[in-house]
Amino acid sequence: EKESINPMENDIIAMTRALGAALQEHPAYKKFREVNAQCDADKELQEQIGAFNLIRMNLDAEVQKKDRSPERVQQLQTNLQAKYDEVMKNPSMAAYNAARGELDGLLQRITGILSNCAQGEDPATTEPCTHDCSTCGGCH
């Protein structure tokens, strides 16, 4: 393990590792891991994903051709979208997306709080911004 000359940096890294361990004990993380394993074991879903990837590879190959057929490209795009829709309707994939969204929300909150603290906000009270920041000058 890499150690810094600065002991305070070592403390921050140790606290970060402890935060990572706590994250792995959080119900959102555990649910995501469980649902991810279920997706891996879902043969129907894996076949659907395989078929999707095959269509995508065929589409990529067709697009790369100098004498590509616009009709063939369109048909492959239509097939790709249909297969994507099929994959997304699979109950295992729906559960995966829900669990992933919950875990991503937790991670965004954590990184938002850390980012705010790095900008000088009070660690005890700061919360990350929850709206589209492209339309404003900041939450301060």
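Confidence in this predicted model varies among the helices of the protein: the mean pLDDT is lowest in helix 1 (residues 7–23), at 93, and highest in helix 2 (residues 27–41), at 98. Averaged over the protein, the pLDDT is 92. A score of at least 70 is reached by 91% of the residues.

The secondary structure consists of 5 helices and 0 strands. Read from the N terminus, the order of elements is accordingly α-α-α-α-α. Helix 3 covers residues 43–64, and helix 5 covers residues 91–118.

The overall dimensions depart from those of a compact globule. For 140 residues, such a globule would have a radius of gyration near 14 Å, whereas the value for the protein is 22 Å. Along the principal axes, the C-alpha atoms occupy a box of roughly 60 × 40 × 35 Å. Of the 140 residues, 20% count as buried. The exposed area of the protein is about 10,400 Å², of which 54% is supplied by carbon and sulfur atoms.

Contacts across the sequence were also examined. Among contacts between residues at least 6 apart in sequence, 52% join residues at least 24 apart. With regard to charge, the protein carries 15 positive and 22 negative side chains. The centres of these two sets are separated by 7 Å.

Two residues illustrate the local environments. Glu62, one of the residues of helix 3, has a relative accessibility of 7% and therefore counts as buried, the cut-off for this class being under 20%. When residues up to four places away in sequence are not counted, Glu62 touches Arg68, Ser69, Arg72, Val73 and Leu76. Two of these partners, Arg68 and Arg72, are arginines, a residue type counted as positive, whereas Glu is counted as negative.

Ala94 is located in helix 5. Its relative accessibility is 39%, so Ala94 counts as partly exposed; this class lies between the limits of 20% and 50%. Ala94 is separated from Thr125 by 31 residues in sequence. In space, the C-alpha atoms of Ala94 and Thr125 are 34 Å apart.

Terms used
Residues numbered from 1 in each chain as written. Predicted model: local features only at pLDDT ≥ 70, side-chain atom pairs only at ≥ 80, totals over all residues. Heavy atoms only, no water. pLDDT = per-residue confidence, 0-100. Helix = DSSP H or I, 4+ residues; strand = E, 2+ residues; numbered from the N terminus. Rg over C-alpha atoms; globule rule 2.2 N^0.38 Å. Buried < 20%, exposed > 50% of the residue type's maximum accessible area, 1.4 Å probe, protein only. Contact = heavy atoms within 4.5 Å. Areas by Shrake-Rupley, 256 points an atom, 1.4 Å probe, with all protein chains shown as cover. Charge placed at Lys NZ, Arg CZ, Asp CG, Glu CD.
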